[in-house]
Amino acid sequence: MIDLLAHNLAPVMFLALIGFLLLGYPVAFALAANGLLFFVIAVELSPYSDEIALSWPLLQTLPGRVLDVMRNETLLAIPFFTFMGIVLEKSGLAEDILDTVGQLFGPVRGGLAFAVILVGALLAATTGVVAASVIAMGLISLPIMLRYGYDRSLATGVIAASGTLAQIIPPSIVLIVLADQLGRSVGDFYAGALVPGLMLAGLYGAYIGVLAIFRPQMVPALPTSARSLTGSPVPLLALLLLAAATGAVAFWLFSGTLGEGAGVWAAVLAVVLAYGLAEADQRLGVNLLSELARRVVLVLVPPLALIFLVLGTIFLGVATPTEGGAMGAAGALALATARRRFGVRLLSEALEATTRLSCFVIFILIGSRIFSLTFYGINGHVWVEELFLGLPGGIWAFLLAVNLLVFILGCFLDFFEIAFIVVPLLAPVASAFGIDLVWFGIIIAMNLQTSFLTPPFGFALFYMRSVAPAAPFADKLTGRTIAGVSTAQIYLGAARFIVLQVVMIVVVVMFPGLVISEKPPPVDPATIEIQIPQPVPDGGESDGGIPPPPSFD
């Protein structure tokens, strides 16, 4: 019996960890306690199994493993991006964008839903925090959608799903954690996730468009009385065409001198021109632009500038993700100050929330380091590798099994827990199959995104439930009594978008080129020939030769 336990200690340890978690123990302490407990058991059982490579002196490595976590510069990006997101949410950026974009799309069927998706993508690219996006959009958009007759399950579903775009669209905290766990560059993860994230937002919009055509009663347009911003969108189109033409001319002029950076600087020039004209139109009272066009430009350009400050500098190689996060945090403070909404209370709340989340991540990571010390010492990684490599069907069976495992675990565990516990065990198997780890990480990130929507522990559902009225309430504008939103309706709405997310996962699996950029063919070192120039025999110097050494006779 002891021999059997010694040879199968790895699966027993993994099952024990699941038991700790199901009993409700905090994840960080469950990981650390499980690792220390089985370290003791493994040392005692080491005489019975050659697979156990643990001894008491190995415990002396724990302080070094903890210090490695504290020295990890990649993880510094997490508090920066968290702070940036909370400052932007507290300063009312989400409220301004939602109101403006809602007015822009208001005349269209499904316009409010389109606005929520667009704003969800913008907030994802500026905050990277799911809670801030879902709560802000739920508080602002849901009462309006209920007031004008949107289907309740659809309204809650589109808000929750759009908020989870912060999981996959850079600067996502999930991508930072996965890059750290898989040993790849955060910049590569950001570049790889950008296209799938935008495609997912486009898929949400396409679904709303189909409903607007075939089920218009679910997504009615805003009545004329609800549109507070007056004017035609035609001046906005004219301004955008002028800015685009300016950008095209600038790109043609800059392409010869700036190379790959010409497109970026041309876009910057176009955006600055549009914003400057809108600002001048408002301050000088020229009124060439309609109120709607002017408001759209003045509200949307600052967050777009912040996106460029963060992601543009990272993609151009000017800044590391940590430095980009620091600039983003400074930019968020500047935006809040410009809106005259910066104060001691906002700063205190942002710092408190940032500290709480950062400590949560660090403690889980420290616990996972203690767990992995024991798990790897009993050859647990070998057990996991043999388990997946033995699946019939090869790489496709592995990808299917991983996605099913992550999806099921996402119903019960937070994405941090999955990233720190499961992903390090799967990475060696993916490498053994020859899978690109950036592509593999993006697949897992998109799967983890569904964990925010899957009952019973989907966090986006909790956030949605906290802001959605459960009982009938009196509408402040019309005075009508509006029925509340049930938990079942929230779950039903989330289920619609879980299906869309699964479709997008399949697309990313089938088309790796969406994530992995084309790379030059590998160079075979055996074909490299190094020629060393030889000295000329008569002591002279010829083309390609080297002079003889000086004589000191």
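This passage walks through the overall build of the protein and then a handful of its residues.

The model is a predicted one. Helices do most of the talking here: the protein has 23 of them, alongside two strands. Measured out along the principal axes, the C-alpha trace spans about 85 × 85 × 50 Å. Of the 553 residues in the protein, 47% are buried. Contacts across the sequence are well represented too: taking those with a separation of 6 or more, 75% are between residues 24 or more positions apart.

On the outside, the accessible surface of the protein adds up to about 26,000 Å². Carbon and sulfur atoms hold 68% of that surface. As for charge, there are 33 negative side chains and 23 positive ones. The centres of these two sets sit 24 Å from each other.

The surface also carries a nonpolar patch, built from Leu400, Leu404, Ile408, Phe412, Phe457 and Phe462. Together these residues offer about 610 Å² of accessible area. Which helix gives the most to the patch? That would be helix H18, spanning residues 394-410, with three residues. Leu400, one of the patch members, is found in H18. Leu400 counts as exposed because its relative accessibility is 54%, and the cut-off for that label is over 50%.

Turning inward, Gly187 is a residue of helix H11, which covers residues 186-214. Its relative accessible area is 17%, so Gly187 is classed as buried; the label applies under 20%. Setting aside residues up to four places away in sequence, Gly187 touches Ile314, Phe315 and Pro321. Helix H14 runs over residues 291-315. Gly187 can also be placed relative to Ala330: the pair is 143 residues apart in sequence, with 20 Å between their C-alpha atoms.

Thr354 gives another view of the interior. This residue is found in helix H16, which takes in residues 344-377. With a relative accessible area of 8%, Thr354 is buried. What does Thr354 contact, leaving aside neighbours within four places in sequence? The partners are Pro79, Thr82, Phe83 and Ile86.

Some backbone details in the loops deserve a look as well. Pro170 and Pro171 are joined by a cis peptide bond, with omega at about 5°. Pro171 lies in the loop that links helix H9 (152-163) to helix H10 (173-182).

Two asparagines stand out for their phi angles. Asn287 is not a glycine, yet its phi is positive, near 60°. This residue belongs to the loop between helix H13 (262-284) and helix H14 (291-315). Is Asn287 buried or exposed? Asn287 is exposed, because its relative accessible area is 51% and the exposed class takes values over 50%.

Asn379 likewise has a positive phi, about 60°, without being a glycine. Its place is the loop between H16 and helix H17 (380-389). Asn379 has a relative accessible area of 28% and is therefore partly exposed, a label for values between the buried limit of 20% and the exposed limit of 50%.

Definitions and conventions
Residues numbered from 1 in each chain as written. Predicted model: local features only at pLDDT ≥ 70, side-chain atom pairs only at ≥ 80, totals over all residues. Heavy atoms only, no water. Helix = DSSP H or I, 4+ residues; strand = E, 2+ residues; numbered from the N terminus. Buried < 20%, exposed > 50% of the residue type's maximum accessible area, 1.4 Å probe, protein only. Contact = heavy atoms within 4.5 Å. Areas by Shrake-Rupley, 256 points an atom, 1.4 Å probe, with all protein chains shown as cover. Lys, Arg positive; Asp, Glu negative; His and termini not counted. Charge placed at Lys NZ, Arg CZ, Asp CG, Glu CD. Patch = residues over 30% accessible without salt bridge, like charges linked within 9 Å, V, L, I, M, F, W, Y side chains within 5 Å. Salt bridge = Lys/Arg side-chain N within 4 Å of Asp/Glu carboxyl O.
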